[in-house]
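Grab a pencil and work through a few exercises on a protein chain. Try each task yourself before you read its solution.

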Amino acid sequence: MASVYSILENKRVYNLSQAILAPNGTRNLKKRLTPHFNFKDDREYDVLELGCGTGFFSVNRSNVHYTGIDVNEKYFPATPASRMIYRSMNATRLDF
């Protein structure tokens, strides 16, 4: 019998569960966070996102070096942009 976690490893099922459990939750959160992502084009930035999941909040800009951390690598985008790195690890025990 498949566990809930193995079912949620499917990105579409995961995103659907988030939409059902918290309708508009990710959209509302992104709307609230966006003003804080004020990246000026004349600077380089390093961004670390813990618990990045499917990468919904990933920052893909030419002057941003993004690292997304999650315990489940099956959520990661198949072909991330060149300045984006996804790593599977526990956020309480980072290995870098």
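The exercises below start with the whole chain and then move on to single residues; keep in mind that this is a predicted model.

**Exercise 1: The overall layout**

Task: Find out how many helices and strands the chain has, and in what order they run.

Solution:
- Step 1. Count the elements: you should get three helices and three strands.
- Step 2. Now walk from the N terminus, and you'll read α-α-α-β-β-β.
- Step 3. For the dimensions, put a box along the principal axes: the C-alpha atoms fill roughly 50 × 30 × 25 Å.
- Step 4. Look at burial too: of the 96 residues, 26% count as buried.
- Step 5. Finish with the surface, where the chain exposes about 7200 Å² and carbon and sulfur atoms supply 55% of that area.

**Exercise 2: Hunting salt bridges**

Task: Search the whole structure for salt bridges, and say which side chains meet in them.

Solution:
- Step 1. Start from the general idea: side chains of opposite charge can pair when their charged atoms come close.
- Step 2. The cut-off you need is a side-chain nitrogen of Lys or Arg within 4 Å of a carboxyl oxygen of Asp or Glu.
- Step 3. With that rule, the search turns up three salt bridges.
- Step 4. One of them joins Asp-41 and Arg-61, at 2.5 Å from N to O. Asp-41 sits in the loop between helix 3 (25-33) and strand 1, while Arg-61 sits in the loop between strand 1 and strand 2, so this pair ties together parts that are 20 residues apart in sequence. Asp-41 is exposed at 65% relative accessible area, and Arg-61 is partly exposed at 30%.
- Step 5. Another brings together Glu-44 and Arg-83, at 2.7 Å from N to O. Here Glu-44 lies in the loop between helix 3 and strand 1 and Arg-83 in the loop between strand 2 and strand 3 (84-88), so the pair links parts 39 residues apart in sequence. Arg-83 is partly exposed, with a relative accessible area of 27%.
- Step 6. There's also the bridge between Asp-95 and Arg-87, at 2.8 Å from N to O. Asp-95 is exposed, with 53% relative accessible area, whereas Arg-87 is partly exposed at 31%.

**Exercise 3: A nonpolar patch**

Task: Work out which residues form the nonpolar patch on the surface, then take a look at Leu-48 and Leu-50.

Solution:
- Step 1. The patch is made of Leu-48, Leu-50, Leu-94 and Phe-96, which together have about 380 Å² of accessible area.
- Step 2. Place two of its members: Leu-50 is in strand 1 (residues 45-50), and Leu-48 lies in strand 1 as well.
- Step 3. Check how open they are. Leu-50 is partly exposed at 46% relative accessible area, and Leu-48 is partly exposed at 42%.
- Step 4. List what Leu-48 touches, skipping residues up to four places away in sequence: Thr-67, Ile-69, Leu-94 and Phe-96.

**Exercise 4: Inside strand 2**

Task: Decide whether Thr-67 and Asp-70 are buried or exposed, and list their contacts.

Solution:
- Step 1. Locate them: Thr-67 is in strand 2 (residues 64-70), and Asp-70 is in strand 2 too.
- Step 2. Recall that buried means under 20% relative accessible area.
- Step 3. Apply that. Thr-67 has 18% relative accessibility, so it counts as buried. Asp-70 has 10%, so it counts as buried as well.
- Step 4. Leaving out residues up to four places away in sequence, Thr-67 touches Val-47, Leu-48, Glu-49 and Ile-85.
- Step 5. With neighbours within four places set aside, the contacts of Asp-70 include Gly-51, Cys-52, Tyr-75, Arg-87 and Met-89.

**Exercise 5: Sequence versus space**

Task: For three pairs, Leu-48 with Arg-27, Tyr-14 with Gly-53 and Asp-70 with Ala-91, find the separation in sequence and in space.

Solution:
- Step 1. Leu-48 and Arg-27 are 21 residues apart in sequence, and their C-alpha atoms are 20 Å apart.
- Step 2. Asp-70 and Ala-91 are 21 residues apart in sequence, and their C-alpha atoms are 7.3 Å apart.
- Step 3. Tyr-14, in helix 2 (residues 11-21), is 39 residues from Gly-53 in sequence and 9.0 Å from it, C-alpha to C-alpha.
- Step 4. Beyond four places in sequence, Tyr-14 touches Leu-8, Thr-54 and Tyr-75.

Key: Residues numbered from 1 in each chain as written. Predicted model: local features only at pLDDT ≥ 70, side-chain atom pairs only at ≥ 80, totals over all residues. Heavy atoms only, no water. Helix = DSSP H or I, 4+ residues; strand = E, 2+ residues; numbered from the N terminus. Buried < 20%, exposed > 50% of the residue type's maximum accessible area, 1.4 Å probe, protein only. Areas by Shrake-Rupley, 256 points an atom, 1.4 Å probe, with all protein chains shown as cover. Patch = residues over 30% accessible without salt bridge, like charges linked within 9 Å, V, L, I, M, F, W, Y side chains within 5 Å. Contact = heavy atoms within 4.5 Å.
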